[in-house]
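Q: Hey, got a minute to go through this model with me? I'd like to start with the helix packing and then move on to the ligands.

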Amino acid sequence: MGDAGWLVVVPAKGLGAAKSRLRGAVPAAAHGDLALAMLRDTLAAATACADVLVVAGDAAVAAVARAAGAAVLPDPGAGLNAAIRLATDPPAAGPQAAGHDLAAGARAAHGLAAGRAPGGALGRPRAALTGDLPGLRAEELAAALRAAEAAGGRAFVADAAGTGTVLLAAPAGVPLDPAFGVGSAAAHAAGGARALTGDWPGLRHDADTAADLRAALRHGPAAHTRALLGDLPSSDAAACAAR
Ligand SMILES: Nc1nc2c(ncn2[C@@H]2O[C@H](COP(=O)(O)OP(=O)(O)OP(=O)(O)O)[C@@H](O)[C@H]2O)c(=O)[nH]1
Ligand SMILES: C=C(OP(=O)(O)O)C(=O)O
């Protein structure tokens with residue numbers, strides 16, 4: 001990847017709060033492992049085609065991120081969009097956590113690969129990718145990033161339902177301006193981001209509910225998620241769903 005390579009930021013909540021709508025898809029004791037397995041699948045694809053920075057909600061998430069080859073920024077604790085803004089467009093100073101300047105950490109992450117950060121923190125194209133895409137394939141993400149580059153400005157990929165956002169991208173020099181949350185696809189479009197319409201089913205299927213998880217498993221290899229589900233007793237609902 002050249003100097004203009006993408007930095008993909010993946011926000012991932014701490015396990016106590018992660019994927020609450022997915023609770024019950026697997027036994028409670030395995031819920032955190034399911035969130036981590038989906039994150040592993042997301043990161044396996046993302047790290048294959050970009051430099052990746054995970055905004056990690058806790059130490060277990062941070063460990064998975066590092067093992068996948070991603071850089072890690074601690075969550076500033078101010079919500080999803082603040083986490084993404086800090087990681088993609090770090091300010092000159094602050095916020096602080098446990099004596100660390102988180103913005104300085106983010107700026108350092110922007111220069112991660114080969115120590116490059118031409119033009120400062122905004123000097124490279126940046127994207128935010130949700131961490132709940134078990135079916136994601138590297139080829140799909142690479143194609144979506146190419147399409148974003150061709151769009152020439154802010155661009156996004158909506159989820160399969162068309163209402164949420166799985167990927168928001170901005171070229172070098174342009175703030176990402178994330179508006180993730182309920183109705184984010186419309187919010188991103190209203191804010192001037194172009195909707196990318198490629199055929200990327202693994203990218204579009206985020207797993208918010210058990211039904212979403214079943215759909216995602218139909219659309220990609222999901223190696224870590226399948227392995228986790230396969231290890232559960234076969235009477236469990238999601239284990240059945242995986243087969
Ligand atoms: N670091 C960080 N990541 C977040 C935060 N809120 C959401 N995310 C991540 O953003 C992505 C999309 O969020 P959701 O699909 O709503 O996932 P979620 O919040 O774990 O799921 P629910 O509890 O069901 O809303 C997931 O990868 C989440 O882990 C946050 O405050 N901090
Ligand atoms: C945060 C989002 O994810 P979800 O709708 O999957 O909760 C979003 O789509 O903006």
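Q: Which residues of α1 meet α2?
A: In this predicted model, α1 uses Gly-32, Leu-36, Leu-39, Arg-40 and Leu-43. Their partners in α2 are Ala-60, Val-61, Val-64 and Ala-65.

Q: And how do the residues of that contact divide by class?
A: There are seven nonpolar residues, one polar and one charged in the contact of α1 with α2.

Q: Cool. At what angle do the two helices pack?
A: About 30°, with the axes of α1 (residues 31-47) and α2 (residues 59-67) 10 Å apart. That angle makes α1 roughly parallel to α2.

Q: Is their crossing left-handed or right-handed?
A: The crossing of α1 and α2 is right-handed.

Q: What about α1 and α9, are they roughly parallel or antiparallel?
A: Roughly antiparallel: the axes of α1 and α9 (residues 223-230) cross at roughly 155°, and angles over 145 degrees count as roughly antiparallel. The two axes come within 7 Å.

Q: Which residues make that contact?
A: From α1 you have Asp-33, Leu-34, Ala-37, Met-38, Arg-40 and Asp-41. On the α9 side there are Ala-223, His-224, Thr-225 and Leu-228. By class, the contact of α1 with α9 has five nonpolar, two polar and three charged residues.

Q: OK, ligands now. Which residues come nearest to ligand 1?
A: Pro-11, Ser-20, Arg-21, Leu-80 and Gly-131, out of 18 residues around ligand 1. The elements giving two or more residues to that shell are β1 (7-12) and α3 (80-88).

Q: How many charged residues are in the shell around ligand 1?
A: Seven, along with six nonpolar and five polar ones.

Q: And what surrounds ligand 2?
A: Thr-130, Asp-159, Gly-164, Thr-165, Phe-180, Gly-181, Ser-184, Asp-206 and Asp-208. The shell around ligand 2 divides into one nonpolar, five polar and three charged residues.

Q: Which residues does UniProt list for "binding site"?
A: An unreviewed UniProt entry lists Thr-165, Gly-181 and Ser-184 under that heading. They span 20 residues in sequence, yet no two of their C-alpha atoms are more than 8.3 Å apart, so they gather at one spot. Thr-165, Gly-181 and Ser-184 are also among the residues around ligand 2.

Q: Nice! Where does Gly-181 sit?
A: Gly-181 is in the loop between β8 (165-170) and α6 (184-190).

Key:
Residues numbered from 1 in each chain as written. Chains lettered and ligands numbered in written order. Predicted model: local features only at pLDDT ≥ 70, side-chain atom pairs only at ≥ 80, totals over all residues. Axes fitted to C-alpha atoms, helices over the stretch in contact; angles between N-to-C directions. Helix = DSSP H or I, 4+ residues; strand = E, 2+ residues; numbered from the N terminus. Parallel < 35°, antiparallel > 145°, perpendicular 65-115°, else oblique. Left-handed = near helix turned anticlockwise from the far one by under 90°. Contact = placed C-beta atoms within 7 Å. Nonpolar A, V, L, I, M, F, W, Y, C, P; charged D, E, K, R; others polar. Near = placed C-beta within 6 Å. UniProt positions renumbered as here; feature names shortened; annotations may be inferred.
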